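Visitor: Please take one side chain in this model as a starting point and look at it closely. Then show how its surroundings connect to the rest.

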Amino acid sequence: MDPEASRNARESLELAFQMSNILETGLDRHTLSVLVALCEKGLNPESLAALVKELRREPQTNPTTTPAAPTCP
């Protein structure tokens with residue numbers, strides 16, 4: 001990517017992040033950049049939004065508290 005395109009991409013992401021903060025979406029820069037990239041690849045933005053909402057509804061599990069698998073005797 002040439003320097004001008006790279007600068008434009010950073011500025012666009014920064015603008016999207018500022019709008020995201022104003023709208024209080026709770027998305028961090030990394031998550032927002034992944035969602036934007038997926039939209040640019042052709043994924044449906046409404047479907048991605050629904051997925052984000054669904055993932056937020058699911059209880060967060062802590063991998064350190066997941067029960068261990070049974071061991072063989």
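Guide: Arg29 is partly exposed, since its relative accessible area is 42% and the partly exposed class runs between 20% and 50%. The model is a predicted one. The side chain of Arg29 meets that of Glu14 in a salt bridge, with 2.8 Å from N to O. This pair links distant parts of the chain: Arg29 belongs to helix 2 (residues 29-40), Glu14 belongs to helix 1, and 15 residues separate them. Glu14 has a relative accessibility of 28%, so Glu14 too counts as partly exposed.

The salt bridge of Arg29 is one of four in the structure. Another joins the side chains of Arg7 and Glu11, at 2.6 Å from N to O. Here both partners sit in helix 1 (residues 3-22), four residues apart, which is about one turn of the helix. Arg7 is partly exposed at 33%, and Glu11, at 44%, is partly exposed as well. Arg7 and Glu11 also belong to a network of salt bridges that includes Glu4.

Helix 3 (residues 45-57) holds a further pair, Arg57 and Glu54. Their closest N and O atoms are 2.8 Å apart in a salt bridge. Because Arg57 and Glu54 are three residues apart in the helix, about one helical turn separates them. Arg57 counts as exposed because its relative accessible area is 59%, and exposed means over 50%. Glu54, at 36%, counts as partly exposed.

Helix 2, where Arg29 lies, also takes part in the pockets. The largest pocket encloses about 260 Å³ of space. The elements that give two or more residues to its lining are helix 2 and helix 3. Helix 3 gives the most, with six residues. Among the lining residues are Leu32, Leu35, Val36 and Cys39, together with Pro45, Leu48, Ala49, Val52, Lys53 and Arg56. Thr25 and Leu27 are in the lining too. By class, the lining has nine nonpolar residues, one polar and two charged.

The second largest pocket holds about 160 Å³. Helix 1 and helix 2 are the elements that give two or more residues to the lining of this second largest pocket. Its lining includes Ala9, Ser12, Leu13 and Ala16, along with Ser33, Val36, Ala37 and Glu40. Met1 is also one of its lining residues. Six of the lining residues are nonpolar, two are polar and one is charged. Val36 appears in the linings of both pockets.

A nonpolar patch on the surface completes this tour. Val34, Leu38 and Leu43 make the patch, which covers about 210 Å². Leu43 is in the loop between helix 2 and helix 3. With a relative accessible area of 40%, Leu43 is partly exposed. A patch takes residues with over 30% relative accessible area and no salt bridge, and the 40% of Leu43 is therefore over that cut-off.

To return to the starting point, Arg29 is a partly exposed residue whose salt bridge with Glu14 links helix 2 to helix 1.

Terms used. Residues are numbered from 1 along each chain as its sequence is written. This is a predicted model: local features need pLDDT of at least 70, side-chain atom pairs count only at pLDDT 80 or more; totals for chains, interfaces and linings use all residues. Side-chain values use heavy atoms; hydrogens and water are left out. Buried means under 20% relative accessible area, exposed over 50%, partly exposed in between (1.4 Å probe, protein chains only). Patches are made of residues with over 30% relative accessible area and no salt bridge: like charges are joined within 9 Å, nonpolar side chains (Val, Leu, Ile, Met, Phe, Trp, Tyr) within 5 Å. Accessible areas come from the Shrake-Rupley method with a 1.4 Å probe; for residues, only the protein chains shown count as cover. On a 1 Å grid over the protein atoms alone, a cavity is a set of points where a 1.4 Å probe fits but cannot get out, and a pocket is an open set with protein on both sides within 12 Å along at least five of seven lines; lining residues have an atom within 4 Å of a point. Grid points are joined across faces, edges and corners, and a volume is the space filled by probe spheres set on the points. Ala, Val, Leu, Ile, Met, Phe, Trp, Tyr, Cys and Pro count as nonpolar, Asp, Glu, Lys and Arg as charged, and the others, Gly among them, as polar.
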